[in-house]
Protein chains: 2
Amino acid sequence: MKAIIVTIGDEILIGQILDTNSTWLASELHLLDIQVVKILSIQDTKEAIEHTLATASLEADLIITTGGLGATKDDITKKSIASFLGLEMYFDDDVYAHIDALYARYNRTLTETLKEQCYMPMGTQILKNTMGTAPGMLFHCGKCRIVSMPGVPYEMKWIFEHSLVPELIKTRSDVFLKHRTIRTIGMGETTIADKIEDITDNFPNNFCIAFLPSIGTVRLRISGRGKDDALLESQLQEYSERIATRLSDIVFGYGSQTLAEAIQQKYVAKSVTVGTAESCTGGNISRTITSAAGASTYYMGSIVAYDYKLKTSLLNVSEELLNKYGAVSEETVIAMVRGGLQLLQTDVVIAVSGIAGPGGGTPEKPVGTIWLACGDQNKIKTKKLQLSKNRDKNIIYTTNVALNMLRKYIDAE
Amino acid sequence: MKAIIVTIGDEILIGQILDTNSTWLASELHLLDIQVVKILSIQDTKEAIEHTLATASLEADLIITTGGLGATKDDITKKSIASFLGLEMYFDDDVYAHIDALYARYNRTLTETLKEQCYMPMGTQILKNTMGTAPGMLFHCGKCRIVSMPGVPYEMKWIFEHSLVPELIKTRSDVFLKHRTIRTIGMGETTIADKIEDITDNFPNNFCIAFLPSIGTVRLRISGRGKDDALLESQLQEYSERIATRLSDIVFGYGSQTLAEAIQQKYVAKSVTVGTAESCTGGNISRTITSAAGASTYYMGSIVAYDYKLKTSLLNVSEELLNKYGAVSEETVIAMVRGGLQLLQTDVVIAVSGIAGPGGGTPEKPVGTIWLACGDQNKIKTKKLQLSKNRDKNIIYTTNVALNMLRKYIDAE
């Protein structure tokens, strides 16, 4: 099956936002073995939309559009598709009931503009959207199917996964495509690739591996394709195990498991509690740990001592020590762990202090100097990072390193 | 001038990489007042490239392609463009001299494959590339110009800035395109649209507005196009002011300013310090406040009392009160503000406690029940939210509401 992805709206054409929707859709369609032959960003005008549908429907079996479904005046995707397919509009009571219920929950009343969203082209197959007001739509145009979804990423993803994929799978051939994802932290993608080269070089033709890096972490996606479901499953199992064994302790999880979820599982299993004492990360370690539902079973809380004085008044880091070594030092983060253990009454504390940037550096301690410490009443391990001047990237990278120290602590227990 | 950007290569079509080149080019062209009417990602086949050039050259005056210029066998952009334009290839001595010098610098010798890069289509205008081996190319096809650049971002950017822009400026038209962005919080896009409908309905034909929503916030982008730069500027100023005046206190900033930056500016100007006492947001309010560089000038820190007991031991919320009203209650968040003011020694504290979900609700306090309080020693304002079961969305939405309460506090001072 050939697919074309179309993003509608001017924000991308003037370079104001990155088209992350298309990349996400392309990777999901690739997993479903659907070949994306073109990705387009076009203007939100009736002419551009109709012209694109006319040409794309000759080149692909599936056209997926995102954007232009809000009720405001600049959103004209729905009307343009209806016009292209020659469909009249009707008032859909189910869509109205959904929006009405959604608004009632927030104690808001439906505006006239919003009622516009309840008019749908005749014959549309509605794709349910529990995350927002505008549903997705599926149209048939000869052999080609046209899909329209909102541009808001979490709405679009929900509709794709829950409402569209079941439709796409209905007409699938009997070729199976299977994946395993191994999640790693603490090693760059090229080093990983070198380390497992002899395994991946000897993959059979129907297997491949993709390296998907983010800041500080790399996902390895192993994919196999074939007609024998059971054989494929066992091959995939074998290759995943060989690779995971080779990479040993940089592997923190599988599939969609996050680092925070992996850590939570380990700490809860061993009944060990955790607290954090943060400075330059400003609460991001705590925020990341608590992103996993159920964190309250082992995570107690954090002292974000962003200000110099709070390191003394709350975490009991002595002024003498701060004056002698500075707030960004091994001695300070060790004292922060000790202060945190006492104040938060947890078994383990992770502490961090550094210069996130872009300003604030000195010749001895340039921007990007960051100290971490992790430990308990008996022993504390430390780590120093020398990062870039990019504030956002530094905070995210440091958070991942902190979580990895927590992971190593519990693995060693 | 109308432009179309074309990215050539499969990595984007399988969702492996984000198309950051196109976004960068779109924003640069926008600054040059060149209207990008379409962005395309296509396969690196001769058919796809020739077909795209044929259709794009009818729709635009400028086609900018990136990718497919390396010397490996899968890179066929140059040959496809030459074939489309009916141009013979010749060996270019200058290109050879450049590559040879580049290789000499790294003590490497030219391979046969690399010599392929020295063959250029007849009549090509070479766009110098000091950052790599493959030069950019500029072709004329009737009224349309076709540009080809490598896909490596730093090479592409160098060629664009140093070799292409001087060419583009030579033939500039005198049509200007200008934008203003107004940033709002606390009102949905449709309600905003209704509120300013009489203004936007009476926009002249050369003006338009776009509503760009994220969780809890909406950006309004007003755009105008015209030949008279000064008139355009004054019209844009007038419409922006009328809309901002109408929307009054939901407007928190302009252009690319974030909510955290806007708040920082106000608090620093009035020398008022801030602290946070968080529960269900797990540190995200603190993390968002400190995402703005320079936050340490007014933001002191946070107590993330995720665990029940820490609300008592750290924030001095009495056990009696917790037993009587529960951790998620107006009384508790007020007590958290009082405890925070004492512990963090700040002028203002914002506190939040709630059930982020997806689990943990009760019939009286369902998932998504969240209480906030913001104030000082003299007065404390509270707010209750009833959100969804989506943990991530609840945390982000609550964080934005918290920041908005901080904004309103300082505006009222």
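Here is a short chat about a predicted model.

Q: Hi! What helices and strands does chain A have, and how many of each?
A: Hello! In this predicted model, the secondary structure of chain A comes to 16 helices and 17 strands.

Q: And what does its C-alpha trace span along the principal axes?
A: About 80 × 55 × 40 Å for chain A.

Q: How much of chain A counts as buried?
A: Of its 413 residues, 54% do. The accessible surface of chain A is about 17800 Å², and carbon and sulfur atoms hold 50% of that.

Q: Switching to sheets: what is the strand order in the open sheet of 12 strands?
A: The order runs 6(A)-7(A)-8(A)-3(A)-1(A)-2(A)-2(B)-1(B)-3(B)-8(B)-7(B)-6(B), and the pairing is mixed.

Q: Which strands are at the edges?
A: Strand 6 (125–127) of chain A and strand 6 (125–127) of chain B; each of them pairs on one side only. From one strand to the next, the twist averages 20 degrees.

Q: Does any helix come in here, and which strands does helix 3 of chain A touch?
A: Helix 3 (residues 46–59) of chain A packs on the sheet, touching strands 1, 2, 3 and 8 of chain A together with strand 2 of chain B. Its direction makes about 170 degrees with that of strand 2 of chain A.

Q: Over in chain B, do strands 3 and 8 run parallel or antiparallel?
A: Parallel, with five bridges joining strand 3 (residues 62–66) to strand 8 (residues 144–149) of chain B. B:Ile63 stands opposite B:Ile146 there.

Q: Last one: how far apart are the mean positions of the positive and negative charges of chain A?
A: They are 4 Å apart, for 42 positive and 47 negative charges.

Methods
Residues are numbered from 1 along each chain as its sequence is written. Chains are lettered from A and ligands numbered from 1 in the order in which they are written. This is a predicted model: local features need pLDDT of at least 70, side-chain atom pairs count only at pLDDT 80 or more; totals for chains, interfaces and linings use all residues. Side-chain values use heavy atoms; hydrogens and water are left out. Helices (H or I, at least four residues) and strands (E, at least two) are DSSP runs, numbered from the N terminus. Buried means under 20% relative accessible area, exposed over 50%, partly exposed in between (1.4 Å probe, protein chains only). Accessible areas come from the Shrake-Rupley method with a 1.4 Å probe; for residues, only the protein chains shown count as cover. Lys and Arg count as positive and Asp and Glu as negative; His and the chain ends are not counted. The place of a charge is taken as NZ of Lys, CZ of Arg, CG of Asp or CD of Glu. Two strands pair if DSSP finds at least two bridges between them. Axes are lines fitted to C-alpha atoms, for helices over the stretch in contact, and angles run from 0 to 180 degrees between N-to-C directions. Contact means heavy atoms within 4.5 Å.
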